[in-house]
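Visitor: Got a minute to walk me through this one? Put it up and let's start with the ligand.

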Amino acid sequence: MRKKIVAGNWKMNNDLDQTIKLINELKSLITDSKIEIIIAPSFPFLKIAVDLTKDSNIEVVSQNVNDNSNGAFTGEVSISMLKSIGVNTTLIGHSERRAYYHENDELLLKKLNLAVENKMRVIFCFGEELSDRKSEMHFDVVKNQLKNTILKLDESSINNIVLAYEPVWAIGTGETATSEQAQEMHQFIRNCISENFNEEIANNIAILYGGSVKPANAAEIFEKKDVDGGLIGGAALNASDFFNIIQANS
Ligand code: PGA
């Protein structure tokens with residue numbers, strides 16, 4: 001059985017007080033859960049977030065990680081640093097990292113390989129831009145993103161990977177892919193995994209949808225067969241909205 005997951009990507013939001021407040025609010029709402037619940041606060045607050053969520057069902061993950069093990073990389077954070085504070089999962093390849101920090105497939109593959117080597121679980125994000133969809137190139141673009149990264153990994157490492165399909169045109173825009181568009185792409189992604197690895201791996205990998213998921217549209221998207229949950233941005237900053245989205249996937 002595949003895992004159901006709802007993950008909140010807080011991006012560059014929330015200072016220390018806001019981080020503590022939101023975690024406490026979430027803890028009082030989420031008393032018991034059958035699905036995996038994840039939050040990704042900013043680097044400075046990961047340790048306190050780990051401590052605050054210790055006896056809860058919430059896992060704290062990082063939004064990014066560097067592609068080197070250690071050394072002279074000013075301003076960067078390594079896998080071993082994260083692991084040393086109890087963070088064992090990281091996002092890699094978010095579209096904002098790709099767009100604003102020029103992270104390309106080559107760099108993302110390096111990050112993936114290092115994460116796999118160090119047994120860090122990865123939520124790997126990818127998705128097409130609006131122009132790709134308008135020119136009906138979205139399947140080709142997504143396939144290429146996978147081919148250059150995830151599909152190059154060793155079969156044995158795939159069980160430590162969660163996929164997050166996030167069409168760039170739907171992120172932070174209020175515009176969501178329809179549940180049919182999400183299902184169609186998720187099925188396509190699962191087929192790519194199956195062709196490259198095997199059916200069992202394809203059936204076991206969780207594929208999340210991200211892009212303007214909110215309480216009002218979450219249930220419709222999550223009920224699709226190949227959608228295993230969501231990566232939530234804006235709506236994850238509000239405890240009751242995030243909780244309602246979790247409920248929609250439970
Ligand atoms: P959004 O962000 O829910 O605000 O569209 C999703 C994401 O970037 O992961």
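Visitor: So which residues come nearest to the ligand?
Guide: Of the 13 residues around the ligand, the nearest are Lys11, His94, Glu166, Gly172 and Ser212. A residue belongs there if one of its heavy atoms lies within 4 Å of the molecule. This is a predicted model, where local features need pLDDT of at least 70, side-chain atom pairs count only at pLDDT 80 or more, and totals for chains, interfaces and linings use all residues. Numbering runs from 1 along each chain as its sequence is written, and side-chain values use heavy atoms, with hydrogens and water left out.

Visitor: What does Lys11 do with the ligand, distance-wise?
Guide: An N or O atom in the Lys11 side chain is 2.7 Å from a ligand oxygen. That's a polar contact, meaning a pair of N or O atoms within 3.5 Å; within protein, one must be able to donate a hydrogen and the other to accept it, and residues adjacent in sequence count only if both atoms are side-chain atoms. Polar backbone atoms also reach ligand oxygens, at 2.9 Å from Gly233 and at 2.8 Å from Gly234.

Visitor: And how much of the ligand does the protein bury?
Guide: The protein buries 95% of the 280 Å² that the ligand exposes when taken alone. Areas are Shrake-Rupley with a 1.4 Å probe, and for residues only the protein chains shown count as cover.

Visitor: Switching topic: how many disulfides are there?
Guide: Zero, searching the whole structure for cysteine sulfur pairs within 2.5 Å.

Visitor: Why is Cys125 not bonded to Cys192?
Guide: Because their sulfurs are 17 Å apart, too far for a bond, even though Cys192 holds the closest cysteine sulfur to Cys125.

Visitor: Is Cys125 buried or exposed?
Guide: Buried, at 1% relative accessible area. The cut-offs are under 20% for buried, over 50% for exposed and partly exposed in between, with a 1.4 Å probe and protein chains only. Cys192 is buried too, at 4%.

Visitor: Okay, where is Ser78 found?
Guide: Ser78 is in the loop between β3 (58-60) and α3 (79-84). Those are DSSP runs numbered from the N terminus: helices are H or I with at least four residues, strands E with at least two. Ser78 counts as buried, with 6% relative accessibility, and its side chain reaches the backbone nitrogen of Met81 at 3.2 Å.

Visitor: What is Ser78 in contact with further along the sequence?
Guide: Leaving aside neighbours within four places, Val65, Asn68 and Ser69, where contact means heavy atoms within 4.5 Å.
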